[in-house]
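Colleague: I have a few "why do you call it that" questions about this one. Mind going through them with me?

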Amino acid sequence: METLTQRVAENLKDIRKKRGLSLEQTASATGISKSMLSQIERGEVNPTITTVYKLSLGLRVPVTAFTSEKMVPISHISKKFIAPLTESDGKYRLYPLFNYSEGMNFEIFTLEFDVGGEMQGHQQLPGTREYITIYRGELTLIFNDREYILSEGDSASYNAFDDYVYKNTGDCMIEASVIVQYPVI
């Protein structure tokens, strides 16, 4: 089974080469050093979620363009075999279930967020919208100075290209589903 690090390495190299970009041009577009890009492409480092978001914005592709596997006629997915994208000292885990692929402008994730966790939302491509449904816990979404509290059974949609913060303000781990809809690119 291919690791997430290997998948990111292969997908980054494929995207860069299909666009005819050098490592230097990719570094300029993403703000990631040429040497770091080279290490990522060789599978020598496991990039953080922040690095993958920089790649996404700079190359104007969804995050999961780097984490997705090649399409097959049917996919059966078990979360226990998915390496999550993590941040906030591991308190925030995002499991990519169905990834972006050419011709499909959405992706689906499972989110787990531990008590007391807080994470700055990563700015997405302009026109991107997120849809979240809370199955367990309480999530506070903060946009500028406005807070929205989502509890078990609540859903919300919001612009993922604006600045926002996720906070677990409840007394248990959050379990949620997140759908990210990208503009037609």
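Modeller: Happy to. First, a nonpolar core here is a set of buried Ala, Val, Leu, Ile, Met, Phe, Trp, Tyr and Cys residues joined through side-chain atoms within 4.5 Å. And keep in mind that this is a predicted model.

Colleague: Which residues touch the most other members of the largest nonpolar core?

Modeller: Phe 66, Leu 111, Phe 113, Ile 132, Leu 139 and Tyr 166, out of 42 residues. Helix α4 (residues 49-59) gives the largest share, 5 residues.

Colleague: What does Tyr 166 touch, leaving out residues up to four places away in sequence?

Modeller: Its contacts include Tyr 92, Phe 113, Leu 139, Thr 140 and Tyr 158.

Colleague: Why is α1 called oblique to α3?

Modeller: Helix α1 (residues 4-18) and helix α3 (residues 34-41) pack at about 120°, axes 7 Å apart. Roughly perpendicular stops at 115 degrees and roughly antiparallel needs over 145, so an angle between those counts as oblique. That makes α1 oblique to α3.

Colleague: What makes up that contact?

Modeller: On the α1 side, Val 8, Ala 9, Leu 12, Lys 13 and Arg 16; on the α3 side, Leu 37, Ile 40 and Glu 41. The split is 5 nonpolar, no polar and 3 charged.

Colleague: How do you know that β6 and β9 pair?

Modeller: Pairing takes at least two bridges. Strands β6 (residues 138-143) and β9 (residues 165-168) have 4, in the antiparallel sense. Thr 140, for one, has Lys 167 in β9 as its bridge partner.

Colleague: And which strands are at the edges of the sheet, and why?

Modeller: The open sheet runs β4-β9-β6-β7. β4 (118-120) and β7 (146-151) each have a single partner strand, so one side of each lacks a neighbour in the sheet.

Definitions and conventions:
Residues numbered from 1 in each chain as written. Predicted model: local features only at pLDDT ≥ 70, side-chain atom pairs only at ≥ 80, totals over all residues. Heavy atoms only, no water. Axes fitted to C-alpha atoms, helices over the stretch in contact; angles between N-to-C directions. Helix = DSSP H or I, 4+ residues; strand = E, 2+ residues; numbered from the N terminus. Parallel < 35°, antiparallel > 145°, perpendicular 65-115°, else oblique. Contact = heavy atoms within 4.5 Å. Nonpolar A, V, L, I, M, F, W, Y, C, P; charged D, E, K, R; others polar. Buried < 20%, exposed > 50% of the residue type's maximum accessible area, 1.4 Å probe, protein only.
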